[in-house]
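Work through the exercises below with the sequence and model open. Each task is followed by its solution.

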Amino acid sequence: MFSALFSWIPIVGPIIEGIVSIFNKKMDTDVINRQTDADVTKAGYAASVQTLIAFKDDIGVRLTRDIIQFPVAVWTALIVWDKIVDLRYPWLVWGVSPLKEETGLAFLPYAVMIFLFGNFAVNKWTRK
């Protein structure tokens, strides 16, 4: 656009055309980099979904869900209940001790939530 405007000027025209072409190349490179990042992210999500689909009926995953994740989910729900109810109705608090960082188990509620939301997403996407 700008290069067409200034191309009639013999000295300034080529300089401006060079600057504009450098700017265009940089913009093209940025677009390609963003597309590559998006493709990598999309491939990662697709691989995660395929893994969840492959193991959705696996007996080991079902046992893990029933033996480990259900109690952790209930425990996490009771911790959240205690935090919310303690402000206004302290007599309804169960007194569940929260997971502490020192025990190394503080990641369990997050792992359970990721697994449960992952299963929800698999069930939603495989019904289509």
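**Exercise 1.** Classify Tyr89 by its relative accessibility, then describe its aromatic pairing.

Solution. Tyr89 has a relative accessibility of 39% in this predicted model. Buried means under 20% and exposed means over 50%, so Tyr89 counts as partly exposed. Next, the search for aromatic pairs gives a count of 1. That pair joins Tyr89 and Trp91, with ring centres 5.5 Å apart and planes at 80°. Planes over 60 degrees apart count as edge-to-face, so the pair of Tyr89 and Trp91 is edge-to-face. Its partner Trp91, at 63% relative accessibility, counts as exposed.

**Exercise 2.** Which residues form a nonpolar patch on the surface together with Tyr89 and Trp91?

Solution. The patch also contains Trp81, Leu92 and Trp94. Together, the residues of the patch have about 650 Å² of accessible area. To place one of them, look at the loop between helix H3 (59–88) and helix H4 (108–126), where Trp94 is found. Trp94 has a relative accessible area of 62%, so this residue is exposed.

**Exercise 3.** Describe the surroundings of Asp82: is this residue buried or exposed, and what does Asp82 contact beyond its neighbours within four places in sequence?

Solution. Start with its position: Asp82 belongs to helix H3. Asp82 is buried and has no salt bridge. The nearest side chain of opposite charge is that of Lys83, 8.0 Å away. A salt bridge requires a nitrogen-to-oxygen distance within 4 Å. Outside its neighbours within four places in sequence, Asp82 contacts Val93, Trp94, Gly95 and Val96. Trp94 thus appears both in this list of contacts and in the nonpolar patch.

**Exercise 4.** Find where the structure does have a salt bridge, and locate both partners.

Solution. Side chains of opposite charge can pair when their charged atoms come close. Searching the whole structure yields 1 salt bridge. Its partners are Lys26 and Asp30, at 3.3 Å from N to O. Both residues lie in helix H2 (residues 12–54), where they are 4 residues apart, about one turn of the helix. Asp30 has 28% relative accessibility and therefore counts as partly exposed.

**Exercise 5.** Summarise the protein as a whole: how many helices and strands are there, and what share of the residues is buried?

Solution. Count the elements: there are 4 helices and 0 strands, in the order α-α-α-α from the N terminus. Of 128 residues, 15% count as buried. The protein exposes about 10,500 Å², of which carbon and sulfur atoms supply 69%. Finally, among contacts with a separation of 6 or more, 39% join residues 24 or more positions apart.

How values were computed. Residues numbered from 1 in each chain as written. Predicted model: local features only at pLDDT ≥ 70, side-chain atom pairs only at ≥ 80, totals over all residues. Heavy atoms only, no water. Patch = residues over 30% accessible without salt bridge, like charges linked within 9 Å, V, L, I, M, F, W, Y side chains within 5 Å. Areas by Shrake-Rupley, 256 points an atom, 1.4 Å probe, with all protein chains shown as cover. Helix = DSSP H or I, 4+ residues; strand = E, 2+ residues; numbered from the N terminus. Buried < 20%, exposed > 50% of the residue type's maximum accessible area, 1.4 Å probe, protein only. Contact = heavy atoms within 4.5 Å. Lys, Arg positive; Asp, Glu negative; His and termini not counted. Phe/Tyr/Trp six-rings, centres within 6.5 Å; stacked < 30°, edge-to-face > 60°.
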